[in-house]
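Student: Hey, I've got a new structure to look at. Can you walk me through it?

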Amino acid sequence: SDGRLLVSTDTGRIHCFEAGAAGKQSTSSKPVADPYPKDKWTAVYEASARSILSQTGIRTGFCLVVGAEQGRLALALARNSGLKIYGVESDPAKVAAARKALVQTGLYGHRITIHEAAAGEIPYSNYFANLVVSDTHLLTGRVPVAGEVVAAHLKPCGGAICLGGTHSFDADWRNSLGLSKQSVTKTGEDFTVVKRGKLPG
């Protein structure tokens with residue numbers, strides 16, 4: 001990684017070797033609470049994370065961020081919950097930016113992971129996500145993955161998709177989930193939540 005060799009041992013220690021680094025003292029940097037610039041979106045992400053958690057009631061388990069962008073929604077959710085967050089993003093530059101920022105927080109790799117995937121794909125097992133959100137939707141109003149693909153990854157018996165905030169939950173995309181017979185939709189002040197019920201049969 002960046003010209004260094006990282007070695008983990010069965011004692012729990014992690015060693016870092018760097019070429020030409022003899023005699024240099026290793027220093028570990030302290031985690032940064034928020035590596036992103038303070039801008040008009042800072043308060044939006046914080047408020048959105050709190051609204052999502054409040055309206056869904058989901059604070060633990062697995063969260064899928066469809067269209068992870070630069071990881072800002074993922075971080076806001078991680079700071080306000082115990083969720084393990086997996087973000088999917090098709091733009092390699094955004095993936096790199098998200099990883100670079102999130103590594104500084106000390107949360108990357110064990111609480112937050114960002115994966116690059118082909119446009120429209122989610123490279124995870126079906127039915128794993130307790131909560132599904134979208135950073136791209138928060139920014140642009142569109143979800144970059146088809147509804148039926150997202151639905152395949154949503155946990156039955158209480159898994160929730162929560163979209164809204166700065167843009168409304170598009171009715172056509174919601175219908176494309178194919179969950180109308182096994183879900184309950186609740187529209188709050190800022191976000192709309194689709195909670196999945198039992199699988200048919």
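Tutor: Sure, one term to begin with: buried means under 20% relative accessible area, exposed over 50%, and partly exposed in between, with a 1.4 Å probe and protein chains only. This is a predicted model, where local features need pLDDT of at least 70, side-chain atom pairs count only at pLDDT 80 or more, and totals for chains, interfaces and linings use all residues. Residues are numbered from 1 along each chain as its sequence is written, and side-chain values use heavy atoms, with hydrogens and water left out.

Student: OK, which residues of H1 are buried?

Tutor: Tyr 45, Glu 46, Ser 48, Ala 49, Ser 51, Ile 52, Leu 53 and Thr 56. Names like H1 come from DSSP runs numbered from the N terminus: helices are H or I with at least four residues, strands are E with at least two.

Student: And what do those buried residues pack against?

Tutor: H2, E6, helix H4 (135–140), E7 and E9. Contact here means heavy atoms within 4.5 Å. H1 lies across E6, E7 and E9, at about 40 degrees to E9. For such angles, axes are lines fitted to C-alpha atoms, for helices over the stretch in contact, and the range is 0 to 180 degrees between N-to-C directions.

Student: What sits at the ends of H1?

Tutor: Asp 39 caps the N-terminal end, with a side-chain oxygen 2.9 Å from the backbone nitrogen of Trp 41. After H1 comes Gly 57, with a positive phi near 75 degrees.

Student: New topic: what order do the strands of the open sheet have?

Tutor: The 7 strands go E5-E4-E3-E6-E7-E9-E8, with mixed pairing. Two strands pair if DSSP finds at least two bridges between them. E5 and strand E8 (183–187) are at the edges with a single partner strand each, so one side of each has no neighbour in the sheet.

Student: How many bridges join E3 to E4?

Tutor: There are 5, and E3 and E4 (residues 84–89) run parallel. Val 66 stands opposite Val 88 in E4.

Student: Which residues touch the most others in the largest nonpolar core?

Tutor: Of its 31 residues, those are Ile 52, Cys 63, Leu 77, Ile 85, Ile 112, Leu 131 and Val 133. A nonpolar core is a set of buried Ala, Val, Leu, Ile, Met, Phe, Trp, Tyr and Cys residues joined through side-chain atoms within 4.5 Å. H2 gives this core its largest share, 6 residues.

Student: Where's the rest of the nonpolar packing?

Tutor: There's a second, separate core of 21 residues, including Ala 117, Ile 122, Leu 179 and Val 194.

Note on methods
A polar contact is a pair of N or O atoms within 3.5 Å; within protein, one must be able to donate a hydrogen and the other to accept it, and residues adjacent in sequence count only if both atoms are side-chain atoms.
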